Structures are given as structure tokens and as C-alpha cells.
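Colleague: I'm new to this one and would like a close look at a single part. Could you walk me through the aromatic pairs?

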Amino acid sequence: MNDEIGGAAPVARRLYGRSKGKALRAGQARLLQELLPKLTLDLSQPCPCAKTLFSTQVEDVFLEIGFGGGEHLIAAAAARPDIGFIGCEPFVNGMAKLLARIDALGLANIRLHQGDAAEVVAWLPQASLGRTFLFYPDPWPKRRHRKRRFVSNETLAALAHVLRPGGELRFATDIDDYAGWTLARVRESTDFAWTATAAADWLTPWRGWTQTKYEAKAMAAGRKPVYLTFERRRGRERGRASDA
């Protein structure tokens, strides 16, 4: 893992749990061997422009951190062929499911990284993304493990480095403690502003939202998701925030 994220202080921590579940089917294993290498980002080479990473012309680039089963990523990429999507996921079974959908739909606007999204964030050029998604990240509920949560002062600074001013970080969770944890760190940041003005803003999903399998399970268990949108501040806005 690259421990320097977007110019932030070195970070040495494990941000995800297990990386493999049940045995893969033969077709899934084949896609991991044949299709994944074609879509995998080469982090050993510099990235001069994120828009050039795709085999099709795109107008903007979005990043999804930990796409799980890929439900949102596939739906978003299929609906917006003009946008390039980078998906990061360390879990092998989730990657295999996504590859099957990419193969079936013939999508050309997705690139992948099987591993820690922090590595991709550290590799991307400054102000290269228009939007970042972080949906239902591992909450690491035990107090001694909370330092492993993806949201931290360091990762927010790193995401601010790769998001353009006015770009969005969209965050969803069904864990109240993680929502509060995230809001507290955003409040400390001079780079992001929470855009909500009313309760409906964080209780209502975004337009065109695709419910993930995890969200459906959470709601069936009685947990209520929250949907938080943070905007990358522009220069003058950052100055006012730091003076507040």
C-alpha cells in the first residue's frame, strides 16, 4: 500500500477486512484472469490525465470506493456512457460479480483497482475527479478498530486533492455512529462543506439512486440509511471556512 495519500501525512492502516468469500464459479474465475487485467489501472505508471484512462471518450471521471457487488457502479456507468468510472474493491467475489455485468453489457467506461482505494487516490492527478462515491463502507464498530475507517482527516485531505472545486463526495451509511464520525471530520476540514439544508436532504437518496444489496439488508433489519453530500470548497470558500 502506498502510505502517502494525495500529499497527506503517511498513513499505515488496514482499511478493509477479508478479501475473499465463497469459491468462484468457473466463469467468474475466467473473467478475473482474462478481463480484469484489461481493465486494471497500472499504478506503476504516471497518470497524466484521468480522462485518458478509458477506451471511449468521456467528459468527466467519477470514483467509487468499495463498490461491493457493483450494483450502483454498473447502473451509473450504463446510464452515463459520457462519464468514466473508476471502481475500487478489494473483495474478490464483488469484483467477479462486477466483471460479469461489465462483460454482459459491453461497457467501455469502467476501469478497476482490486485493492485499497487509497492507492488510486494517491495516484490520480490533482483536481481530476468530478465526483466520489463512498457507500456503506465497513463501519469497524469496535472502538479499537475505528482508526481503520476509511473516513479520516488524512483521507478527506487526499480526496480534496483529487476532486475539482465544486466536485462532490457522496457518502451513505446505515450506522449512526459512522455518520456522526464523518460529519465531525468534515466539520474540521477546510476543504469540504456539507450541502444539506433540511432533514430531507440526508434522508432521501440521490436522483437515479440504485439500491445496493447491502442497503436492502440494512433496511430489512430496521436500520435507516443517511445520504450525505459534501462539496469540495472553492478557494474563497476555503478561506472563509478557515476564518470561521
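Modeller: Sure, here is a walk through the aromatic side chains.

A quick note on the basics: this is a predicted model, where local features need pLDDT of at least 70, side-chain atom pairs count only at pLDDT 80 or more, and totals for chains, interfaces and linings use all residues. Residues are numbered from 1 along each chain as its sequence is written, and side-chain values use heavy atoms, with hydrogens and water left out.

Rings of Phe, Tyr and Trp (its six-membered ring) pair if their centres lie within 6.5 Å; planes under 30 degrees apart are stacked, over 60 edge-to-face, and the rest tilted. By that rule there are 11 aromatic pairs. One of them joins Phe62 and Phe85 edge-to-face, at 5.6 Å centre to centre with 85° between the planes. Phe62 sits in strand β1 (residues 60-65) and Phe85 in strand β2 (residues 83-88), so this pair ties together parts 23 residues apart in sequence. Strands here are DSSP runs of E, at least two residues long, numbered from the N terminus.

Phe62 is buried, at 6% relative accessible area, and Phe85 is buried too, at 2%. Buried means under 20% relative accessible area (1.4 Å probe, protein chains only).

Phe171 and Tyr178 make another edge-to-face pair, 5.4 Å centre to centre and 75° between the planes. Phe171 is buried at 1%, and Tyr178 is buried at 0%.

Back to Phe62 and Phe85: they belong to one aromatic cluster together with Phe133, Phe135, Trp206, Trp209 and Tyr227.

Terms used. Helices (H or I, at least four residues) and strands (E, at least two) are DSSP runs, numbered from the N terminus. Buried means under 20% relative accessible area, exposed over 50%, partly exposed in between (1.4 Å probe, protein chains only).
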